[in-house]
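Here are my notes on this one, as numbered points. Have the fold open while you read.

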Amino acid sequence: MVRPIRRFPDPILKSTCRPATRDEARRVAVDLVDTMRAHPRCVGLAAPQIGEAIRVAVVDVSGHPLATAHNGLLVLVNATVEEAVGREVGREGCLSLPAVTADVRRARRIWVTTDSLDGGRHEIWAAGFEARAIQHELDHLDGILILDRVTSVRALHPRVLPALQRAP
Ligand SMILES: [Zn+2]
């Protein structure tokens, strides 16, 4: 089910999410994927963005031109970044902050472990744009937004909204 997106300054976006049970993760992951797919160019979504303060997020960069390598659709449940290598600044947007984009420093390569929806735990290696998307979504689970990651106002850029792009 496509769910409404919570936008800044909705307080759920600043909350620290609790671990998800497998049943909760299954239910919320389906809605996260539906909602992500309903927004063109959206490459990830975290549970608090649809009003659920639990540690579930989805990422899928496979259709994005900046994604050189990827793992397809990722469902992250109680995920942990085990290792992070390298540093790189890149531009990010967020459905919860529709008016801006921001230059954010992230690790270039990450090793993540996550619960599987059918039991057990598995690992994910990600690099570049996909690693950036994962780090962005996992930040949401700790109440961290791109606004919290910028070090200067020069790193914030107003987004030209579609309504403003239309010719008069
Ligand atoms: Zn976001």
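1. Ground rules before the helices and sheets: helices (H or I, at least four residues) and strands (E, at least two) are DSSP runs, numbered from the N terminus. Bear in mind that this is a predicted model, in which local features need pLDDT of at least 70 and side-chain atom pairs count only at pLDDT 80 or more, while totals for chains, interfaces and linings use all residues. Residue numbers start from 1 along each chain as its sequence is written.

2. One open sheet has three strands in the order β1-β2-β3, paired antiparallel; two strands pair if DSSP finds at least two bridges between them. β1 and β3 are the edge strands with a single partner each, so one side of each has no neighbour in the sheet. On average, neighbouring strands here are turned by 10° against each other, direction ignored. Four bridges hold the antiparallel β2 and β3 pairing, and valine 58 has valine 75 in β3 as its bridge partner.

3. Both helices lie across β1, β2 and β3: α1 runs at about 35° to β2, and α2 at about 160° to β2. Axes are lines fitted to C-alpha atoms, for helices over the stretch in contact, and angles run from 0 to 180 degrees between N-to-C directions. Contact means C-beta atoms, placed from the backbone, within 7 Å.

4. The other open sheet to look at has the order β4-β7-β8, again with antiparallel pairing. Its edges are β4 (80-85) and β8 (121-127), each pairing on one side only, and the twist averages 15° from one strand to the next. β7 and β8 are joined by seven bridges. α2 packs on this sheet too, touching β4, β7 and β8, with its direction at about 125° to that of β8.

5. What sits at the heart of the largest nonpolar core? Of its 32 residues, Val56, Ala57 and Leu76 touch the most other members. Such a core is a set of buried Ala, Val, Leu, Ile, Met, Phe, Trp, Tyr and Cys residues joined through C-beta atoms within 7 Å. α1 (22-37), β1 (44-46), β2, β3, β7 (109-115) and α2 (128-140) each supply at least two residues. Beyond four places in sequence, the contacts of valine 56 include Ala20, Leu32 and Leu76.

6. Serine 62 is in the loop between β2 (56-59) and β3 (74-77). Serine 62 is partly exposed, because 13 other C-beta atoms lie within 10 Å; 20 or more would make a residue buried, and 12 or fewer exposed, with C-beta atoms placed from the backbone. Outside four places in sequence, serine 62 contacts Ala67, His70 and Gly72.

Conventions: Two residues are in contact if their C-beta atoms, placed from the backbone, lie within 7 Å.
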